[in-house]
Amino acid sequence: MKNAIATFVVLLFFVSFSSAQNRKSTLYKGSIDGKMPVTMFIISEDNECTADLHYTAMYKYDSVSNWLQLDITENKANQFAMVEYRFTGVLILKKEGKNFTGLWVSPDGKKQFKAVFKEVNMTKTEKENFENKMDQLNYENHDC
């Protein structure tokens, strides 16, 4: 029995360790309509059920808004649909190298603005702060 428990603990450690290695956090800075500065933070990790990546993301209009959670879907052509929580807007972006370009679209489709995001480096402390904010935002949006 002790052997089985020890084996289970070791297996659990290796599964947890391998999952953590397939997680990447990325920070982007950019603009909407060339005027409104924005910051976007994305965590990508392997989907345990498919070969696809799973994304957790948020972005904000710098100095203007709170963080907005994004629901992300990607296709095989490196095109992304990023829907703001409560569908207050949609980003339709193409990833080219380390950057995104595309459009921000209002829910009614009447307003469309150019959107540009460039990957930027972040410190370990900044990464931890963004990940904590993402956890808090997810809790605020999805807690019963």
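Author: Buried residues have under 20% relative accessible area and exposed ones over 50%, with partly exposed in between (1.4 Å probe, protein chains only). The present model is predicted, so local features need pLDDT of at least 70 and side-chain atom pairs pLDDT 80 or more, while totals for chains, interfaces and linings use all residues. Numbering starts from 1 along each chain as its sequence is written, and side-chain values use heavy atoms, leaving out hydrogens and water.

Reader: Which residues of H2 are exposed, and which are buried?

Author: An α-helix has 3.6 residues a turn, so residues three or four places apart point the same way. Helix H2 covers residues 124-142; helices (H or I, at least four residues) and strands (E, at least two) are DSSP runs numbered from the N terminus. Phe-130, Glu-131, Met-134, Leu-137 and Asn-141 are its buried residues. They line one face of the helix, because seen down the axis they fall within an arc of 125° (taken from the directions from the axis to the C-beta atoms). On the other side, Lys-124, Thr-125, Asp-135 and Tyr-139 are exposed.

Reader: What covers the buried residues of H2?

Author: The cover includes strands E1 (23-32), E2 (36-46), E3 (53-61) and E4. Asn-141 counts as buried because its relative accessibility is 18%. Beyond its neighbours within four places in sequence, Asn-141 is in contact (heavy atoms within 4.5 Å) with Gln-69 and Tyr-85. Its side chain also makes a polar contact of 2.7 Å with the side chain of Gln-69. Such a contact joins N or O atoms within 3.5 Å; within protein, one must be able to donate a hydrogen and the other to accept it, and residues adjacent in sequence count only if both atoms are side-chain atoms.

Reader: How do the strands E4, E5 and E6 pair?

Author: Strands of a sheet pair through backbone hydrogen bonds, either parallel or antiparallel. Here, pairing requires at least two bridges found by DSSP. E5 (residues 79-84) is antiparallel to E6 (residues 90-96) over 5 bridges, and E4 (residues 68-74) is antiparallel to E5, also over 5 bridges. Phe-80 stands opposite Leu-93 in E6, whereas Val-83 in E5 is the bridge partner of Asp-71. A hairpin with 4 residues between its strands joins E4 and E5, and Asn-78 in that turn has a positive phi of about 60°. The hairpin of E5 and E6 has 5 residues between them, with Arg-86 in the turn at a positive phi of about 70°.

Reader: Which side chains of E5 are buried?

Author: The side chains alternate: Phe-80, Met-82 and Glu-84 point to one face and are buried, while Gln-79, Ala-81 and Val-83 point to the other and are not. E5 belongs to a closed barrel of 8 strands in the order E1-E2-E3-E4-E5-E6-E7-E8, with antiparallel pairing.
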